[in-house]
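The exercises below ask you to work through helix packing, salt bridges and burial in a single protein chain. Each task is followed by a solution that proceeds step by step.

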Amino acid sequence: MHPVLHLMRQRHTTASQPLKRDDDARLAIVLEGGSSRAAYGGGMIGALENAGLLAVFDAVYGVSAGALNGAWLICERANANIHGWWAPESMKGTIRLSNALKRMPVVNGDFLVDEIYENFTPMGFDEILASDIEFHPIATDADTGASTDLRPMIHDRDSLKRAMKATTRVPLLSGEPVELGGRRFIDGGMAENVPVESALADGATHVLVIRTKAPSLALPSTPTLKQRTVARWMANHAAGAAHTWVERDRMKQRLERLMDADERVLQVAPAAGVPKISMVGSNPKVLREAVETGRAVMARTLEPVIAA
């Protein structure tokens, strides 16, 4: 059994609670983003919730839609609101390709957090703030390009919501950088698409990584047109972080190698052959299937943890 699963089983069996552990371990769950592709991660979070395993974790780290999935886990409302991944009221209000013609956000994170998470699929903001499990949404500093943990800037409901908007502020697609704590931020995936380094730097001894695509050690390759278009946006709106976009493919490869080699890390991912979902994918059938695929993958992974 992988050391991460062994620790999860041990804590689950003994009903270990955050801040009251009888072990010296720090177990973090790390969530990859990917906008609509994070539907796979949404299903995995649902499986963890069904298994009653929230209390085994000490901290949750996520970027972009992965941070939002992590928030659902902490407030234990993932399954109650899982339909938000495919419901037209949620997806059509959040993702509209036609907005590009109106110079409006194609992926409207503000609408998602302020409207959908308040009125359609209620997010447990107060439960997250009160939780003994640390919430670490990761964003990219728009003026330096540094991967930044927003946890120290979260003090109340408003700053929590702004942190959620900041980590999901996808360049070109989602609007201007978000201000928080006197700084400006864009999507966390720009500087650290899977925030495993942030978790390890904070002392994590065991890391469960929820992926939204299959791991690959090959060097990613961003299409030339996309590279140039986003680079232009960065130059106009986040010039100090422009180098993160140029270096992003190599950053992603470095993290893939780390996760593949580090014995402290266990990755749970959809298979390489699952349907690919674009960042702006909104097909209800495809997204629902992605949720169920993610749920099944995590359920199989957890079998040795919850076995009698």
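Helices are DSSP runs of H or I with at least four residues, numbered from the N terminus. The model is a predicted one, and the exercises should be read with that in mind.

**Exercise 1. Place T167 in the fold and describe its surroundings.**

Task: determine in which helix T167 lies, whether T167 is buried or exposed, and which residues T167 is in contact with once neighbours within four places in sequence are left aside.

Solution. Start with the secondary structure: T167 belongs to helix α7, which covers residues 157-167. Next, consider accessibility: the relative accessible area of T167 is 0%, and because buried means under 20%, T167 counts as buried. Then list the contacts, leaving aside neighbours within four places in sequence: T167 touches G62, V63, S64 and A67, then P137, I138 and A139, and also D187 and G188. As a distance check, the C-alpha atoms of T167 and L150 lie 8.6 Å apart in space, while the two residues are 17 apart in sequence. Finally, widen the view to the whole helix: 8 of the 11 residues of α7 are buried, so that the helix is mostly covered, and the buried residues include S159, L160, A163 and M164 as well as the charged-side-chain positions K161 and K165.

**Exercise 2. Characterise the packing of α5 against α7.**

Task: find the angle at which α5 and α7 pack, name the class of that angle, and state which residues of the two helices meet.

Solution. First take the geometry: the axes of α5 and α7 are 8 Å apart, and the helices pack at an angle of about 135 degrees. Since roughly antiparallel requires an angle over 145 degrees and roughly perpendicular runs from 65 to 115, α5 is oblique to α7. The handedness follows as a separate item, the crossing of α5 past α7 being right-handed. The contact itself brings G109, D110, V113, D114 and E118 of α5 together with R157, K161, M164 and K165 of α7. Sorted by class, these residues comprise 6 charged, 2 nonpolar and 1 polar.

**Exercise 3. Examine the salt bridges.**

Task: state how many salt bridges the count comes to, and for K165 and D114 work out how far apart in sequence are the parts that the pair ties together.

Solution. The count comes to 20 salt bridges. In the bridge between K165 and D114, the closest N and O atoms are 2.8 Å apart. K165 lies in α7 and D114 in helix α5 (residues 109-120), so this pair ties together parts that are 51 residues apart in sequence. The two partners can then be read by accessibility: K165, at 11% relative accessibility, is buried, whereas D114, at 27%, is partly exposed.

A second bridge joins the side chains of R254 and E197, with an N to O distance of 2.9 Å. R254 sits in helix α11 (residues 248-261) and E197 in helix α8 (residues 196-201), the pair linking distant parts of the chain that are 57 residues apart. R254 is partly exposed at 41% relative accessibility, and E197 is partly exposed at 31%.

A third bridge is formed by E256 and R211, at 2.7 Å from N to O. Here E256 is in α11 while R211 is in the loop between β7 and α9, 45 residues apart, and both residues are buried. As a last step, follow shared partners: D114, E118, D126, R157, K161 and K165 are joined by salt bridges into one network.

**Exercise 4. Set out the packing of α2 against α3 and against α12.**

Task: for α2 with α3, and then for α2 with α12, give the crossing angle and the handedness of the crossing.

Solution. The axes of α2 (residues 39-50) and α3 (residues 65-75) come within 10 Å and cross at roughly 15 degrees; because angles under 35 degrees count as roughly parallel, the two helices are roughly parallel to each other. Their crossing is right-handed. In the contact, G41, G42, I45, L48 and E49 of α2 meet N69, W72 and L73 of α3, which by class gives 4 nonpolar, 3 polar and 1 charged residues.

For α12 (residues 284-301), the axes come within 6 Å of one another and cross at roughly 45 degrees, which makes α2 oblique to α12. This crossing, too, is right-handed. Among the residues making the contact are Y40, M44 and A47 of α2 and L287, V291 and M298 of α12, and the whole contact has 10 nonpolar, 5 polar and 1 charged residues.

Conventions:
Residues are numbered from 1 along each chain as its sequence is written. This is a predicted model: local features need pLDDT of at least 70, side-chain atom pairs count only at pLDDT 80 or more; totals for chains, interfaces and linings use all residues. Side-chain values use heavy atoms; hydrogens and water are left out. Axes are lines fitted to C-alpha atoms, for helices over the stretch in contact, and angles run from 0 to 180 degrees between N-to-C directions. A crossing is left-handed if the near helix is turned anticlockwise from the far one by less than a right angle, and right-handed if clockwise. Contact means heavy atoms within 4.5 Å. Ala, Val, Leu, Ile, Met, Phe, Trp, Tyr, Cys and Pro count as nonpolar, Asp, Glu, Lys and Arg as charged, and the others, Gly among them, as polar. A salt bridge is a side-chain nitrogen of Lys or Arg within 4 Å of a carboxyl oxygen of Asp or Glu. Buried means under 20% relative accessible area, exposed over 50%, partly exposed in between (1.4 Å probe, protein chains only).
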